[in-house]
Amino acid sequence: MLPTILAAAVMALIRSLAALRLQRWHLGAPAAMVLAGILVGIGVENSVIAVLNTEVAQHAAEIILAFLLFVDATEVRGGRLWGNSPRLVTRVLLIALPLSLGAAMLVGKLAFPELSWAMTLVLACVVVPIDFAPSEQVVRDPRLSARVRSVLNVESGYNDGIVSPLFLFALLLAGGSSTIHTPTDALATAAAQAAKAVLAGLVIGSVVGWLLHQADRAGWTTEQSRRISVVLTPLIAYTTGVEIGGNGFVTSFVCGIAFRYVHRVLVARRIRGATGPRQAHGSSTVSRDFSLLEDVTALMTMTMWFVVGIAAVVTFSIGVSWQAILFCLAALTVIRIVPVLVSLLGSSLARRDRLLLSLLGPRGTTTIVFGLIAFNGLPDGVPADTILLATVLCVLGSVLFHGMGSDLVIRRIEAGNRQAVTHPSGAHDLRG
C-alpha cells in the first residue's frame with residue numbers, strides 16, 4: 001500500500017511542478033494520474049479489486065463526491081444560480097439531461113440485456129453527468145463564446161447535484177445494500193432523504209456563511225482560519241445529512257448554494273459600506289476564502305484519477321466486451337449530442353455554438369465516484385462488474401476524446417465556420 005501511495009504522491013508532485021508545460025501538450029492532471037495509475041496497477045493487479053470493494057473505499061469516494069458537489073455549487077461564475085444564460089441552462093438541464101438519461105437506459109438495456117431496468121438507471125446516472133476535469137481549459141477557452149462557456153460551466157456544476165438523488169434512488173431500487181425492491185418504497189425513501197437533505201443544507205450553509213461573516217467582522221478570524229472554515233463546511237454538511245437520515249450528497253450541494261449566496265451577499269454589503277483599503281479587502285475575500293477548498297478538492301480528484309488508472313489494468317486483464325465499448329462510445333457521443341441539440345431547437349444560439357455545446361461534454365470525477373459507490377453498494381456479480389467496466393471505459397475515453405481532442409474539435413468547427421462565412425454560397429470571395 002505504501003509504495004502505491006508514494007507513486008501517486010510523486011506523480012501528483014511531478015504534474016504540479018510541470019503543470020503549464022503539460023497543459024501545452026494537452027496533458028492535464030487526469031491524463032497524468034491515469035498513466036501513473038496504470039503503471040502502478042500492473043504491479044498490484046491482484047489486490048486492486050479487494051481494495052476497491054471495501055467500506056473504507058466507498059466512504060472515501062462519498063466524501064470526495066460531497067466536496068465536489070459543494071465546490072460545484074459554489075463555483076458558478078458571477079454567483080448566479082443559472083449563470084448568464086438562464087434559458088439555455090434550463091433547456092440543457094431540464095430537457096437534455098433527462099433525455100440523455102433515458103437514452104442511456106435504452107442503449108444500456110440493448111447492450112446489457114441481463115441488467116434490470118433499475119440497474120440500467122444506475123448505469124445511466126454513472127455515465128451521463130459531465131465534468132470538466134478531463135478538459136478544464138475548455139470553460140476558459142476564448143475561442144468559445146461567453147454564452148457557451150457560461151452554459152457549460154453551470155451545467156457541469158449542477159448536473160451531478162441534480163442526478164445524485166436519482167442515482168441513490170436507483171441504487172435503492174436495484175437492491176444495493178438495501179431490502180427495498182419496489183419502486184414505491186424506493187421513491188418514498190429517496191423523497192424523505194431528499195427533503196431532510198435540502199432543509200439541512202439550507203440551514204447549515206446559511207448559518208455557517210453568516211457565522212463566518214460575523215466572526216470576520218468582529219476580528220476573530222485570520223485568512224487561514226477562514227479558509228479552514230470553508231473546507232470544513234462540506235464535511236459537516238455531508239456527515240450531518242447522513243446522520244439525520246438524509247441524502248448527504250444533496251445536503252452538500254444545497255449547502256454550497258446557500259453558503260455561497262449568504263457569503264457573497266454579506267461581503268457585498270461590507271464592500272458597499274466601506275471605502276479605501278477595507279473595500280479592496282472585501283472585494284477579494286470571496287476568492288481567497290475558497291482557495292484552500294479548491295486546492296483540497298483538486299488533490300482529492302487527482303487521487304480518484306489515479307485509482308481509475310489502477311482499475312483500468314484490472315478491467316482490461318479480465319476482458320472488455322464489444323458491447324461495453326459500443327455503449328461507452330455511444331455515451332460519449334450520441335447519448336449527449338442528440339439530446340442537447342434537441343433541447344436547443346428554436347433557441348437563439350448559433351448553429352456552431354449548439355454543436356460545440358453538444359460535443360464538449362467530458363466525463364470525469366463524478367462518473368468515477370458514482371461508479372465506485374455503485375460497485376461497492378451492489379452485490380458482487382455481473383451488475384457490479386458492468387458498472388466498474390463502464391466507468392473505466394467512459395472515463396478513459398473522455399480523457400482521450402475530450403481532454404486531448406477538445407482543442408481539435410474547437411479548431412475544426414472554427415475553421416468550418418470561417419469557411420462558411422467567407423464563402424457562403426460555395427463561390428470564391430472576390431472582394432479582396
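**Figure 1. Cavities in the predicted model.** Let us start with the empty space inside this predicted structure. Rolling a probe the size of a water molecule over the atoms shows where empty space is left. Here the count comes to three cavities of 30 Å³ or more. About 90 Å³ is the volume of the largest cavity. Its lining is made up of 14 residues, and Leu97, Ser100, Val128, Glu155 and Arg336 are the closest to its centre. Helices α6 (86–111), α8 (146–174) and α15 (334–343) are the elements that give two or more residues to this lining.

**Figure 2. What lines the largest cavity.** Which helix should you look at for the largest share of the lining? It is α6, with five residues. By residue class, the lining of the largest cavity holds nine nonpolar residues, two polar ones and three charged ones. Glu155 and Arg336, listed with the residues closest to the cavity centre, come back in the next view as partners.

**Figure 3. A buried salt bridge between α15 and α8.** Side chains of opposite charge can pair when their charged atoms come close. In this close-up, arginine 336 and glutamate 155 form a salt bridge through their side chains, with an N to O distance of 2.7 Å. How many residues separate the two partners along the chain? The answer is 181: arginine 336 belongs to helix α15 and glutamate 155 to helix α8, and the pair links distant parts of the chain. Are arginine 336 and glutamate 155 buried or exposed? Both are buried. Across the whole structure, the search finds four salt bridges, and two others have views of their own below.

**Figure 4. A salt bridge along helix α10.** Glutamate 223 and arginine 227 are joined by a salt bridge whose closest N and O atoms lie 3.9 Å apart. Why are these two separated by about one helical turn? Because glutamate 223 and arginine 227 are four residues apart in helix α10 (residues 223–243). As a handy reminder, an α-helix has 3.6 residues a turn, so residues three or four places apart point the same way. Glutamate 223 has a relative accessible area of 41%, so it is partly exposed. Arginine 227 also counts as partly exposed, at 22% relative accessibility, a value to read against the 20% under which a residue is called buried.

**Figure 5. Helix α16 and its salt bridge.** Is helix α16 (residues 351–359) mostly covered or mostly open? It is mostly covered, as seven of its nine residues are buried. Those buried residues are Arg352, Asp353, Arg354, Leu356, Leu357, Ser358 and Leu359. Two of them pair up: arginine 352 and aspartate 353 form a salt bridge, with 2.6 Å between the closest N and O atoms. Arginine 352 is buried because its relative accessible area is 15%, and aspartate 353 is buried because its own value is 8%.

**Figure 6. A nonpolar patch on the surface.** Turning to the outside, Leu94, Ile95, Leu99, Val334, Val338, Val342 and Leu345 make up a nonpolar patch, and together they have about 610 Å² of accessible area. Helices α6 and α15 are the elements that give two or more residues to this patch. These helices also appear among the elements that line the largest cavity. Leucine 99 is one of the patch residues and lies in helix α6. With a relative accessible area of 39%, leucine 99 is partly exposed.

**Figure 7. Contacts towards the end of the numbering.** This view brings together three pairs of residues, each described by a C-alpha distance. Phenylalanine 375 sits in helix α17 (residues 365–377) and counts as buried because its relative accessibility is 3%. Between its C-alpha atom and that of leucine 389, 14 residues away along the chain, the separation is 9.8 Å. Valine 399 lies in helix α18 (residues 382–403), and its relative accessible area of 8% makes it buried. The C-alpha atoms of valine 399 and arginine 363 are separated by 8.0 Å, with their positions 36 residues apart along the chain. Serine 116 is found in the loop between α6 and α7 (117–127). At 37% relative accessibility, serine 116 counts as partly exposed. How far apart in space are serine 116 and proline 383? They are 8.9 Å apart, C-alpha to C-alpha, although 267 residues apart in sequence.

Conventions:
Residues numbered from 1 in each chain as written. Predicted model: local features only at pLDDT ≥ 70, side-chain atom pairs only at ≥ 80, totals over all residues. Heavy atoms only, no water. Buried < 20%, exposed > 50% of the residue type's maximum accessible area, 1.4 Å probe, protein only. 1 Å grid on protein atoms, 1.4 Å probe; cavity = no way out; pocket = protein on both sides within 12 Å on 5 of 7 lines; lining within 4 Å. Points joined across faces, edges and corners; volume = space filled by probe spheres on them. Nonpolar A, V, L, I, M, F, W, Y, C, P; charged D, E, K, R; others polar. Patch = residues over 30% accessible without salt bridge, like charges linked within 9 Å, V, L, I, M, F, W, Y side chains within 5 Å. Areas by Shrake-Rupley, 256 points an atom, 1.4 Å probe, with all protein chains shown as cover.
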